[in-house]
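Me: I have a new structure in front of me and would like to learn how to read it. Could you walk me through it, one feature at a time?

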Amino acid sequence: MNPPPLATREVAREERFRTVWTQELNRVFADVAPYYDRANHVASLGLWKWFLDSFLNTIELRPGQRALDVCAGTNAVGIALLEREPAIEVHAIDRSGDMQEVGRQRAQAKGFRIHGVIGDVHELPFPDNHFDIVTIQWASRHLRVKRVFGEIHRVLKPGGRFHHCDMLRPANPLVEKLYYGYLRFCLAFTGFVFRSGPAALNCKQYFLSALQMFYSAEELSIVLRDLGYREVAAKTLLAGMIGFHRGTKPLPG
Ligand SMILES: C[S@@+](CC[C@H](N)C(=O)[O-])C[C@H]1O[C@@H](n2cnc3c(N)ncnc32)[C@H](O)[C@@H]1O
């Protein structure tokens with residue numbers, strides 16, 4: 001399936017997925033929260049930690065910095081940031097109280113403090129020019145990305161960096177086809193093994209469609225530049241199935 005042209009992609013994504021995003025997804029993450037991390041290890045054939053380490057390797061940290069993880073879920077990124085540099089302040093925001101409760105316990109077990117907020121990331125409840133680093137991992141497919149990336153730009157300090165990681169739409173049609181086939185199998189397999197509830201099972205097709213309508217690595221770089229990010233750089237893994245993007249909020253003048 002070819003997604004709509006880049007110029008109309010956001011509108012098309014919102015029209016198609018608005019109901020799932022606003023009414024169903026929160027129930028899905030409430031359902032999967034207790035087994036979210038284990039299911040991802042299984043579905044990725046054990047590569048989950050490698051994905052996280054590869055993403056973290058693209059992020060430069062300095063003591064004293066203030067970081068925000070958007071759609072933080074079970075705090076995988078926040079914890080990994082603190083493991084690399086304990087002398088930073090980490091904030092997290094996610095709409096799912098269930099995912100964040102698992103994340104709070106995970107952080108506490110490691111002796112870390114992550115300042116969590118429960119809320120919708122389309123309006124970030126933080127002042128302008130506030131964070132040195134903002135991250136988002138495995139979540140953009142579920143969002144109005146232009147709105148959220150614009151909010152991230154607002155809360156970043158001038159010179160601050162946005163780091164993005166997500167599954168992307170591979171540019172090569174053959175890779176794309178194999179990728180969707182594998183994901184279809186994974187969704188069925190993990191749904192069975194982890195005894196997913198009806199909310200998660202009903203959204204299996206959505207997870208594939210959301211990816212089919214999403215951006216390739218190159219397209220996402222264009223979106224970031226159009227929103228005012230500079231020094232945009234992208235790195236992909238597994239033939240473009242996964243991408244890490246970085247963009248900087250420019251200094252004034
Ligand atoms: C696939 S999980 C990713 C969690 C985490 N970033 C990770 O790396 O494991 C997607 C997360 O996005 C959150 N989410 C989806 N839409 C959201 C929204 N509009 N506002 C806030 N959080 C949202 C979900 O609650 C869920 O925790």
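Reply: Happy to! Let's begin with strand pairing: two strands count as a pair if DSSP finds at least two bridges between them. Keep in mind throughout that this is a predicted model.

Me: Then let me try that idea out. In what sense do strand 5 and strand 7 pair, and over how many bridges?

Reply: They pair in the antiparallel sense, over seven bridges. To see one of the partnerships, find R161, whose bridge partner in strand 7 is T248.

Me: Which way do strand 4 and strand 5 run, parallel or antiparallel?

Reply: Strand 4 and strand 5 run parallel, and six bridges join them. Here you can look for I136, which has H164 in strand 5 as its bridge partner. To get from strand 4 to strand 5 the chain passes through helix 6, residues 145-155, and this β-α-β crossover is right-handed.

Me: How many residues of strand 5 are buried?

Reply: The general idea is to count neighbours: a residue is buried if 20 or more other C-beta atoms lie within 10 Å of its own, and exposed if 12 or fewer do. Strand 5 covers residues 156-167, and nine of its 12 residues are buried, so the strand is mostly covered.

Me: What about strand 6 and strand 7: how many bridges join them?

Reply: Six bridges join strand 6, residues 230-237, to strand 7, residues 242-248, and the two run antiparallel. In this pairing A234 stands opposite H245 of strand 7. The two strands form a hairpin with four residues between them.

Me: Which backbone angle should I look at in that loop?

Reply: Look at phi, and at its sign. L238, in the loop between strand 6 and strand 7, has a positive phi of about 50° although it is not a glycine. A239 is placed in that loop as well, and it has a positive phi of about 55°, again without being a glycine.

Me: Why does L238 count as partly exposed?

Reply: L238 has 14 other C-beta atoms within 10 Å, so it falls between the two cut-offs. A239 is also partly exposed, because it has 14 C-beta neighbours inside 10 Å.

Me: Now the helices. Is there a general way to think about which side of a helix a residue is on?

Reply: Yes: an α-helix has 3.6 residues a turn, so residues three or four places apart point the same way. For a case here, take helix 4, residues 76-84. Its buried residues are A76, V77, G78, I79, L81 and L82.

Me: What covers the buried residues of helix 4?

Reply: The cover comes from several elements, including helix 3 (48-56), helix 5 (97-109), strand 1 (66-70) and strand 2 (89-94). Strand 3 (114-118) and strand 4 (131-137) are also among them.

Me: Could we compare single helix residues? Take V145 and T22: is each buried or exposed?

Reply: V145, in helix 6, is buried because 24 other C-beta atoms lie within 10 Å. T22, in helix 1, is exposed because it has 10 other C-beta atoms within 10 Å. Apart from residues up to four places away in sequence, V145 touches E10, S140 and V223. As for T22, it is 120 residues from H142 in sequence, while their C-alpha atoms are 9.8 Å apart in space.

Me: There is a ligand too. Which residues come nearest to it?

Reply: A useful approach is to start from the shell of residues around the ligand. Of the 20 residues there, C71, G73, R95, S96 and Q137 come nearest. Helix 1 (6-32) and helix 4 each supply at least two residues of the shell. By class, the shell has 11 nonpolar, six polar and three charged residues.

Me: To finish, how do I read the chain as a whole?

Reply: Start with the inventory: the chain has 10 helices and seven strands. Then compare its radius of gyration with that expected for a globule: with 253 residues, a compact globule would be near 18 Å, and the chain's 17 Å agrees. The C-alpha atoms fill a box of roughly 45 × 45 × 30 Å along the principal axes. Buried residues make up 36% of the 253 residues. Last, among contacts between residues at least 6 apart in sequence, 71% join residues at least 24 apart.

Notes
Residues are numbered from 1 along each chain as its sequence is written. This is a predicted model: local features need pLDDT of at least 70, side-chain atom pairs count only at pLDDT 80 or more; totals for chains, interfaces and linings use all residues. A residue is near a molecule or strand if its C-beta atom, placed from the backbone, lies within 6 Å of it. Ala, Val, Leu, Ile, Met, Phe, Trp, Tyr, Cys and Pro count as nonpolar, Asp, Glu, Lys and Arg as charged, and the others, Gly among them, as polar. The radius of gyration is taken over C-alpha atoms; the globule rule is 2.2 Å times the number of residues to the power 0.38. Two residues are in contact if their C-beta atoms, placed from the backbone, lie within 7 Å. A crossover is right-handed if, with the strands pointing away from the viewer, the path from the first strand over the helix to the second runs clockwise.
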